[in-house]
Amino acid sequence: MGIQESLPSGVLLTSVEWAAGQGRAASLWPATFGLACCSIEMMSTGGPRWDLARFGMEVFRGSPRHADLMIVAGRVSQKMAPVLRQIYDQMPEPKWVIAMGVCASSGGMFNNYAIVQGVDHVVPVDIYLPGCPPRPEMLLDAILKLHEKIKVTKLGANRQAEITELEEIALAATPTSAMKGLLR
């Protein structure tokens with residue numbers, strides 16, 4: 001006989017990590033970091049047609065200290081990279097980043113000295129959103145995928161062990177330059 005059978009009806013059993021994950025996923029507050037044409041699509045996602053408010057994200061925060069999600073929309077120049085990093089550092093933990101558009105993800109068509117070739121050189125990115133510019137539906141899909149990622153995020157010492165494990169896997173991965181096939 002388990003504990004489930006001995007409890008009266010109406011009692012819910014869950015873990016603290018599950019409850020915290022549900023709460024975090026349902027209360028994301030995005031910080032705007034619109035740099036180019038992708039920011040127009042990001043702004044329209046907050047409008048009435050796509051209604052970002054149904055996910056509790058209707059207000060884009062003006063201060064990084066009030067936000068836990070940074071949506072980097074558009075190309076990042078070398079001059080803007082330190083500002084982006086400073087805003088990211090001012091955000092409270094836990095924090096997440098979506099790279100919106102091909103320019104934020106990989107530099108896009110701007111392969112020159114003035115543009116950072118991927119915002120992941122400046123801040124760690126959780127979700128990459130392709131497109132030029134990506135549609136608001138794609139941003140909503142990326143936010144829903146981020147919600148699923150947040151829901152299974154561990155807490156405390158378990159989180160530190162998870163981060164260490166992910167770093168070891170990344171270091172053991174085959175470098176892109178050594179891969180064969182369509183990449184070459």
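## Contacts between α3 and α6

In this predicted model, helix α3 meets helix α6 through Glu41, Met42, Ser44 and Thr45 on the α3 side and Pro136, Leu139 and Leu140 on the α6 side. The two axes come within 9 Å and cross at roughly 70 degrees. Because angles of 65 to 115 degrees count as roughly perpendicular, α3 is roughly perpendicular to α6.

Serine 39 also belongs to α3. With a relative accessibility of 10%, serine 39 counts as buried. Apart from residues up to four places away in sequence, serine 39 touches Gly34 and Ala73.

## The salt bridge between arginine 135 and glutamate 41

Glutamate 41, one of the α3 residues that meet α6, also forms a salt bridge with the side chain of arginine 135, at 3.9 Å from N to O. Arginine 135 sits in the loop between β4 (127-129) and α6 (136-151), while glutamate 41 is in helix α3 (residues 38-45), so the pair ties together parts that are 94 residues apart in sequence.

How much of each partner is accessible? Arginine 135 is partly exposed, at a relative accessible area of 39%. Glutamate 41 has a relative accessibility of 17% and counts as buried, because the cut-off for buried is under 20%. The pair is also part of a network of salt bridges that links Glu41, Arg135 and Glu137.

## Other salt bridges

Seven salt bridges are found in a search of the whole structure. One of them joins the side chains of aspartate 126 and lysine 149, with an N to O distance of 3.3 Å. Aspartate 126 is in the loop between α5 (102-106) and β4, and lysine 149 is in helix α6, so this pair ties together parts that are 23 residues apart in sequence. Aspartate 126 is partly exposed, with a relative accessible area of 24%, and lysine 149 is partly exposed at 37%.

Another salt bridge lies within a single helix. Aspartate 89 and arginine 85 are both in α4 (residues 81-90), four residues apart, which is about one turn of the helix. Their side chains meet at 3.1 Å, N to O. Aspartate 89 is partly exposed at 45% relative accessibility, and arginine 85 is partly exposed at 32%.

## The sheet

Four strands form an open sheet in the order β1-β2-β3-β4, with parallel pairing. β1 (30-34) and β4 are at the edges with a single partner strand each, so one side of each has no neighbour in the sheet. From one strand to the next, the twist averages 15 degrees.

Which strands are joined by five bridges? They are β2 and β3, which run parallel. Valine 72 stands opposite alanine 99, a residue of β3.

## The largest nonpolar core

In soluble globular proteins, nonpolar side chains tend to be buried together. Here the largest nonpolar core has 22 residues, and those with the most contacts inside it are Leu28, Met57, Leu69, Ile98, Met100, Leu139 and Leu146. Two or more residues of this core come from each of α3, β2 (69-73), β3 (96-100), β4 and α6. The largest share, six residues, is given by α6.

Leucine 69 shows how parts of the chain come together. Leaving aside neighbours within four places in sequence, its contacts are Leu28, Trp29, Pro30, Ala31, Met57, Met91, Trp96, Val97, Ile98 and Leu146. Among these, Leu28, Met57, Ile98 and Leu146 are also listed with leucine 69 as having the most contacts inside the core.

## The second core and leucine 84

A second, separate core has 16 residues, including Leu84, Tyr88, Ala99 and Val119. Leucine 84 is located in helix α4. Is leucine 84 buried or exposed? Its relative accessible area is 0%, and leucine 84 is buried.

Not counting neighbours within four places in sequence, leucine 84 is in contact with Phe33, Met70, Val72, Val76, Val119, Val122 and Val123. For one of these contacts, valine 119, the separation from leucine 84 is 35 residues in sequence and 9.1 Å in space, C-alpha to C-alpha. Another contact of leucine 84 is Val72, the residue that stands opposite alanine 99 in β3. Ala99 itself is included in this second core.

Methods: Residues are numbered from 1 along each chain as its sequence is written. This is a predicted model: local features need pLDDT of at least 70, side-chain atom pairs count only at pLDDT 80 or more; totals for chains, interfaces and linings use all residues. Side-chain values use heavy atoms; hydrogens and water are left out. A salt bridge is a side-chain nitrogen of Lys or Arg within 4 Å of a carboxyl oxygen of Asp or Glu. Buried means under 20% relative accessible area, exposed over 50%, partly exposed in between (1.4 Å probe, protein chains only). Contact means heavy atoms within 4.5 Å. A nonpolar core is a set of buried Ala, Val, Leu, Ile, Met, Phe, Trp, Tyr and Cys residues joined through side-chain atoms within 4.5 Å. Two strands pair if DSSP finds at least two bridges between them. Axes are lines fitted to C-alpha atoms, for helices over the stretch in contact, and angles run from 0 to 180 degrees between N-to-C directions. Angles under 35 degrees count as roughly parallel, over 145 as roughly antiparallel, 65 to 115 as roughly perpendicular and the rest as oblique.
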